[in-house]
Amino acid sequence: MSEAPEDEASDTGEKSKAPWLWGGGIALAAAIGVGVASGGDGPNWSSNEAAQNATEEQSAETAEAEAQKPAPKPDPDVRGVIKPKQESTIASRMTARITSMPFGKGRSFRKGALLAQFDCSAIRAELKAAQAAANAYNVTYKTNVELDQYEAIGKNEVAVAKANLGKANAEASAIKANLTDCAVYAPFSGTVVEEIAGRGEIAASGQPLLTIQSGGDLEVELIVPSNWLTWMRPGVDFTFTIDETGADVTGQITRLGASVDPVSKTIRVTGNVDKTESLVLPGMSGTGVFVKPSEKPAQSAAEKASSDAPAKSEAAKADGRQPS
């Protein structure tokens, strides 16, 4: 009686295990079938993986080679300074007292304006004396010429009187020329930069009085690499950023320096500064930016076609192929 339940239990356990065994067998058979089927024309997973690894290695080598290439050197900063086109130091050409200097430091003036005047009363007195002496010699000479017509005087006396008259006239002309130095006039329109001497002082000959510079006409002097001479020419445009104000002004190169600095491999170039509403004063410094001819944007095909269309139309009209 006790053996029957054990047999039933064992049969029940074996029956419960049967579906799992069948399921595992079916899965195993399916895996084997897929493997057999892929052995012919199916995808080769190992080959794809190898190709992918090779591509990744090639990309890594390319990236490493690009990283090892030297980076292109940027153009150096082109420094420059704003300068007046004309600058001069006005000096005295005589020793005299300054009676007038109407324009002080920072004052503007026009060409031909009186900048300084001296006390020339002594020179004017000398001129009057010289002119009086010349008149006396002139009278003597005329009298001797008249006497010579009557042979009442010798030829030698007439020649001496003529020589004395010439000498007196020359002395008067020399003194009169000195009077032109009694006033100094502006050679160009500009501004007084520095007032060296003042009214009432005794100025010596050659002593500086004023430093002046042209007002509105400005230029910029730049120091550029000497290898830019392959494309740097008068007329090249540039933009100059001023350090003091941050404003940008434009201009064109007008002339190149006469020589290259052999140590720094640089050359000085000068350009005009276009009229601008920004504050631009001589002495301001900044950085210049140039657009090389190779860096200028090329004309697109559409723009080129549109620009060539009028010329082609005119040519067609001239040939009679298109009615006007």
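This section describes the helices, salt bridges, aromatic pairs and one strand residue of a predicted model.

Two helices, H3 and H4, are considered before the individual side chains. Helix H3 covers residues 121-149 and comprises 29 residues. The distance from its first C-alpha to its last is 43 Å, close to the 42 Å expected at 1.5 Å a residue. Helix H4 covers residues 155-179. For its 25 residues a span of 36 Å is expected at 1.5 Å a residue, and the separation of 37 Å between the end C-alpha atoms agrees with that value. After H3 comes Glu151, which has a positive phi, near 55°.

The buried residues of H3 are Ile123, Leu127, Ala130, Ala134, Asn144 and Asp148, and they pack against H4. In H4, the buried positions are Val158, Ala161, Leu165, Ala168, Ala172 and Ile175. The cover over these residues of H4 includes H3. An α-helix has 3.6 residues a turn, so residues three or four places apart point the same way.

Asp148 illustrates how a charged residue is placed within H3. Its relative accessibility is 18%, and Asp148 therefore counts as buried, the cut-off being under 20%. Beyond residues up to four places away in sequence, Asp148 touches Ile153, Lys155 and Val158. Val158 is itself among the buried residues of H4. The side chains of Asp148 and Lys155 form a salt bridge with an N to O distance of 3.0 Å, and a polar contact between the two side chains is likewise found at 3.0 Å. Lys155, in contrast to its buried partner, is exposed, with a relative accessibility of 62%.

Across the whole structure, seven salt bridges were found. One of them joins the side chains of Asp181 and Arg93, with 3.6 Å from N to O. This pair links distant parts of the chain, 88 residues apart: Asp181 belongs to the loop between helix H4 and strand S6 (183-185), and Arg93 to the loop between strand S2 (87-91) and strand S3 (96-100). Asp181 has a relative accessible area of 14% and is buried, whereas Arg93, at 64%, is exposed.

A further salt bridge is formed by Arg97 and Asp119, whose closest N and O atoms are 3.3 Å apart. Here too distant parts of the chain are linked, since Arg97 lies in strand S3 and Asp119 in the loop between S5 and helix H3, with their positions 22 residues apart in sequence. Arg97 is partly exposed at 37% relative accessibility, and Asp119 is also partly exposed, with a relative accessible area of 32%. In addition, Lys83, Glu221 and Arg268 are connected in a network of salt bridges.

Strand S5, which spans residues 114-118, contains Leu114. At a relative accessibility of 25%, Leu114 counts as partly exposed. When neighbours within four places in sequence are set aside, the contacts of Leu114 are Pro102, Phe103, Ala183, Val184 and Tyr185. Strand S6 covers residues 183-185. Between Leu114 and Val184 the C-alpha to C-alpha distance is 6.0 Å, although the two residues are 70 apart in sequence.

Turning to aromatic side chains, the structure as a whole contains five aromatic pairs. In one of them, the ring centres of Phe238 and Phe290 are 5.6 Å apart and the ring planes are at 40°, so the pair is tilted. Phe238 is located in strand S11 (residues 237-242) and Phe290 in strand S14 (residues 285-290), so the pair ties together parts of the chain 52 residues apart in sequence. Phe238 and Phe290 are both buried. These two residues form one aromatic cluster with Trp228 and Trp231.

Technical notes. Residues are numbered from 1 along each chain as its sequence is written. This is a predicted model: local features need pLDDT of at least 70, side-chain atom pairs count only at pLDDT 80 or more; totals for chains, interfaces and linings use all residues. Side-chain values use heavy atoms; hydrogens and water are left out. Helices (H or I, at least four residues) and strands (E, at least two) are DSSP runs, numbered from the N terminus. Buried means under 20% relative accessible area, exposed over 50%, partly exposed in between (1.4 Å probe, protein chains only). Contact means heavy atoms within 4.5 Å. A salt bridge is a side-chain nitrogen of Lys or Arg within 4 Å of a carboxyl oxygen of Asp or Glu. Rings of Phe, Tyr and Trp (its six-membered ring) pair if their centres lie within 6.5 Å; planes under 30 degrees apart count as stacked, over 60 as edge-to-face and the rest as tilted. A polar contact is a pair of N or O atoms within 3.5 Å; within protein, one must be able to donate a hydrogen and the other to accept it, and residues adjacent in sequence count only if both atoms are side-chain atoms. The expected span of a helix is 1.5 Å times one less than its number of residues.
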